[in-house]
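Please work through the exercises below with the sequence and the three-dimensional view side by side, and try each task before reading its solution.

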Amino acid sequence: MRRLSTVLLPAALLLSSCGNGAFSNPFIQTIEVTLNPSAVTLPPGSSTRVQVTGKVSGTTDTVTGLNITAREVPAELTVTPSTGALTVAVQSGAAPGTYSVPLAVTATGGSGTAVLAVTVTPTTRTPYTVKPITALTLQPGQQRRVSITPDRAGELATDVRITGITGALSVTRDTDPLGFTISAAATQTVGAYVLQITTSDGTQTVTTPLTVNVEEQK
């Protein structure tokens, strides 16, 4: 019994020295995580695969069996982890820009983190044009609804929206993304007014002038 006590005593002392803190356990090692590639560039509707490797911090020892968890994934992306890799997919309607995806990586006895940068490129589209609107005529106190027609390759560009209208007349935009109402106040000074109508399809922006003639009542 004396000999057994002598063997167990150092082990008991070693375990008691580990403490209770998150970093006091000597068997939890920091994993240095490497992403290949560390940043990806994708157009909407596409996907790619990223390899994830790791080694024990401060050594050349490779860590195998990595488990990956993607945190705070932007709505524009879908991230599907697997052992030692992950697949990144961009939603078809994702807005262009660069998105960051934090990753938590764990393995038996170790943990680490990494951040994957995903750049979404603009969708390539055929340019659109806005059919010109002939000059409109209003009398003071009158109003008129207007709808513009964006054209892409001979068809209505349904993805185009009015993003702004500027000018010296009162304008009210309605639920139709291509429609608005122009109003001339009862005290409106007669003359020609030019409105600037700005439209966009998310990639291209077009500004179209519209002349409105305010004439005296006849």
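The exercises that follow concern a predicted model, and each task is followed by a stepwise solution.

**Exercise 1. The protein as a whole**

Task: State how many helices and strands the protein has, what percentage of its residues are buried, and what share of the exposed area carbon and sulfur atoms supply.

Solution. Begin with the secondary structure, which consists of one helix and 19 strands. Next, take the burial of the chain: of the 218 residues in the protein, 33% are buried. Then turn to the surface, where the protein exposes about 13,200 Å², with 53% of this area supplied by carbon and sulfur atoms. Finally, consider the contacts between residues at least 6 apart in sequence, of which 58% join residues at least 24 apart.

**Exercise 2. Two residues and their accessibility**

Task: Decide for Ser183 and for Thr108 whether the residue is buried or exposed, and give the place of each residue in the secondary structure.

Solution. First locate Ser183, which belongs to strand 17, residues 179–183. Its relative accessible area is 17%, and because buried means under 20%, Ser183 counts as buried. Now locate Thr108, which sits in the loop that runs between strand 8 (97–107) and strand 9 (110–120). The relative accessibility of Thr108 is 87%, and since exposed means over 50%, Thr108 counts as exposed. As a last step, compare sequence and space for Thr108 and Thr64: these residues are 44 residues apart in sequence, while their C-alpha atoms are 9.0 Å apart.

**Exercise 3. The surroundings of Ser183 and strand 17**

Task: Find which residues Ser183 touches beyond four places in sequence, and work out how strand 17 is paired with strand 12 and with strand 16.

Solution. Start with the side chain of Ser183, which makes a polar contact of 3.4 Å with the side chain of Gln143. Gln143 is also one of the residues that Ser183 touches when those up to four places away in sequence are not counted, the others being Gln142, Leu169 and Ser170.

Move on to the strand itself, in which five of the five residues are buried. In a regular strand the side chains alternate between the two faces of the sheet. In strand 17, Gly179, Thr181 and Ser183 point one way and Phe180 and Ile182 the other way, and all of these residues are buried.

Then consider the pairing. Strand 12, residues 143–147, pairs with strand 17 in the antiparallel sense over five bridges, and Gly179 in strand 17 is the bridge partner of Ser147. Strand 16, residues 170–173, also runs antiparallel to strand 17, with four bridges between them; here Arg173 stands opposite Phe180. The connection from strand 16 to strand 17 is a hairpin of five residues.

**Exercise 4. Two open sheets**

Task: Give the strand order of the open sheet of three strands and of the open sheet of four strands, and name the edge strands of each.

Solution. The sheet of three strands has the order 10-13-14 and antiparallel pairing. Its edge strands, each of which pairs on one side only, are strand 10 (129–130) and strand 14 (155–156). Strand 10 is joined to strand 13, residues 150–152, by two bridges in the antiparallel sense, and within this pair Thr129 stands opposite Asp151.

The sheet of four strands follows the order 11-19-18-15, and its pairing is mixed. Its edges are formed by strand 11 (136–138) and strand 15 (161–166), each pairing on one side only. Neighbouring strands of this sheet are turned against each other by 30° on average, with direction ignored. Strand 15 pairs with strand 18, residues 191–200, over five bridges in the antiparallel sense, and Ile165 faces Ile197 as its opposite in strand 18.

**Exercise 5. The nonpolar cores**

Task: Determine how many residues the largest nonpolar core has and which residues have the most contacts inside it.

Solution. In soluble globular proteins, nonpolar side chains tend to be buried together. The largest nonpolar core here has 26 residues, and those with the most contacts inside it are Leu35, Val52, Leu86 and Leu116. The elements that give two or more residues to this core include strand 1 (29–36), strand 3 (47–56) and strand 7 (85–90), whereas strand 8 provides the largest share, five residues. For Leu86, leaving aside neighbours within four places in sequence, the contacts include Val50, Val52, Ile68, Val79, Leu103 and Leu116. Apart from this core lies another one, of 22 residues, among them Val146, Ala184, Val212 and Val214.

Note on methods:
Residues numbered from 1 in each chain as written. Predicted model: local features only at pLDDT ≥ 70, side-chain atom pairs only at ≥ 80, totals over all residues. Heavy atoms only, no water. Buried < 20%, exposed > 50% of the residue type's maximum accessible area, 1.4 Å probe, protein only. Polar contact = N/O pair within 3.5 Å; in protein donor to acceptor, adjacent residues only side chain to side chain. Contact = heavy atoms within 4.5 Å. Areas by Shrake-Rupley, 256 points an atom, 1.4 Å probe, with all protein chains shown as cover. Pairing = 2+ DSSP bridges. Core = buried A, V, L, I, M, F, W, Y, C linked by side-chain atoms within 4.5 Å. Axes fitted to C-alpha atoms, helices over the stretch in contact; angles between N-to-C directions.
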